[in-house]
Amino acid sequence: MAIIATQPEKKERELIPAGMHQAYLYRVIYLGTIKREFEGKEVQAQKIWMDFEFPKFVVDFEDKETGKSKSFVKTIGQEFTLSLHEKGKLLPLIQSWLGRKLNSEELQSFDVCSLLGKPALINVTHSNPNAKGIVYENIANVNPIMEGMG
């Protein structure tokens, strides 16, 4: 079987609009232990990637091989250090999403995968254009869904 790569047609990428949108955590990937420099020293940190899907935003395209139309739900992902340190990004995200502080037992051992499939209201922001003029969607914060939104 051949795996063929082609150059895609240049077209404007449709962004998820800035603002609050319902989403679901659909994937958590353990990236492993990553080395980086922090305050002039080499440190190692365990990293994860969390992907959220936004069911109201769908991208349609035609498969060039089959000629069939395909649809995919738009997603936004973000990398996190696998730590519940108070200065990290993961702990505030989890606590905001759950609408409560984690208790002492949860702070010792919280299964991030327990959030898979859980709905959330995510505040999406847009980056400033980079050097190539590309704008990206960012996760500003994650909140519990309002009662009745299910």
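Trainee: Which residues of helix α1 are counted as buried?

Mentor: In this predicted model, the buried residues of α1 are Leu90, Leu91, Leu93, Ile94, Gln95 and Trp97. They pack against β1, β2, β3, α2 (104–108), β4 and β5. Just after α1 comes Gly99, which has a positive phi near 75 degrees.

Trainee: What makes Trp97 count as buried or exposed?

Mentor: The label buried requires a relative accessible area under 20%. Trp97 has a relative accessibility of 1%, and therefore it counts as buried. Phe52, at 0% relative accessibility, counts as buried for the corresponding reason.

Trainee: How many aromatic pairs are counted here?

Mentor: The count comes to two aromatic pairs. In one of them, the rings of Phe52 and Trp97 have their centres 5.6 Å apart, and the cut-off for pairing is a distance within 6.5 Å. Their planes stand at 55 degrees, so the pair is called tilted, given that stacked needs planes under 30 degrees apart and edge-to-face needs over 60.

Trainee: Why can the pair of Phe52 and Trp97 be said to tie parts together?

Mentor: Phe52 belongs to strand β2 (residues 41–62) and Trp97 to helix α1 (residues 90–98), so the pair ties together parts that are 45 residues apart in sequence.

Trainee: Why is the pair of Phe61 and Phe72 called stacked?

Mentor: The ring centres of Phe61 and Phe72 are 5.6 Å apart and their planes lie at 10 degrees, so the pair is stacked, the cut-off for that word being under 30 degrees. Phe61 is in strand β2 and Phe72 in strand β3 (residues 69–81), so this pair ties together parts that are eleven residues apart in sequence.

Trainee: What makes Phe61 and Phe72 count as they do in terms of accessibility?

Mentor: Values between the cut-offs of 20% and 50% are called partly exposed. Phe61 has a relative accessibility of 34% and therefore counts as partly exposed, and Phe72, with a relative accessible area of 47%, is partly exposed as well.

Trainee: How do you know that β1 and β2 pair, and in which sense do they run?

Mentor: Pairing requires at least two bridges, and β1 and β2 are joined over 13 bridges in the antiparallel sense; in β2, for instance, Met50 is the bridge partner of Val28. Strands β2 and β3 also run antiparallel and are joined by 13 bridges, and there Gly77 in β3 is the bridge partner of Asp51.

Trainee: What is noted about Glu39, and is this residue buried or exposed?

Mentor: Glu39 has a positive phi of about 50 degrees although it is not a glycine, and it lies in the loop between β1 and β2, a hairpin with two residues between the strands. With a relative accessible area of 69%, Glu39 is exposed, since that label applies over 50%. In the hairpin of β2 and β3, which has six residues between the strands, Gly67 takes a positive phi near 75 degrees.

Trainee: Why is His21 called buried?

Mentor: His21, a residue of strand β1 (residues 19–38), has a relative accessible area of 14%, and therefore it is buried, the limit being 20%. Beyond residues up to four places away in sequence, His21 touches Ile16, Phe54, Phe57, Ala120, Leu121, Ile122 and Val124. Its side chain reaches the backbone oxygen of Pro17 at 2.6 Å.

Trainee: What makes the approach of Gln22 to Tyr24 a polar contact?

Mentor: The side chains of Gln22 and Tyr24 come to 3.1 Å in this contact, and the cut-off for a polar contact is within 3.5 Å. Gln22 lies in strand β1 and is buried, with a relative accessible area of 19%.

Trainee: Which residues have the most contacts inside the largest nonpolar core?

Mentor: This core has 23 residues, and those with the most contacts inside it are Met50, Phe52, Phe54, Trp97, Ile122 and Val142. The elements that give two or more residues to the core are β1, β2, β3, α1, β4 (119–126) and β5 (137–143), and the largest share, five residues, comes from α1. Setting aside neighbours within four places in sequence, the residues in contact with Ile122 include Phe52, Phe54 and Val142.

Terms used. Residues numbered from 1 in each chain as written. Predicted model: local features only at pLDDT ≥ 70, side-chain atom pairs only at ≥ 80, totals over all residues. Heavy atoms only, no water. Phe/Tyr/Trp six-rings, centres within 6.5 Å; stacked < 30°, edge-to-face > 60°. Helix = DSSP H or I, 4+ residues; strand = E, 2+ residues; numbered from the N terminus. Buried < 20%, exposed > 50% of the residue type's maximum accessible area, 1.4 Å probe, protein only. Contact = heavy atoms within 4.5 Å. Polar contact = N/O pair within 3.5 Å; in protein donor to acceptor, adjacent residues only side chain to side chain. Core = buried A, V, L, I, M, F, W, Y, C linked by side-chain atoms within 4.5 Å.
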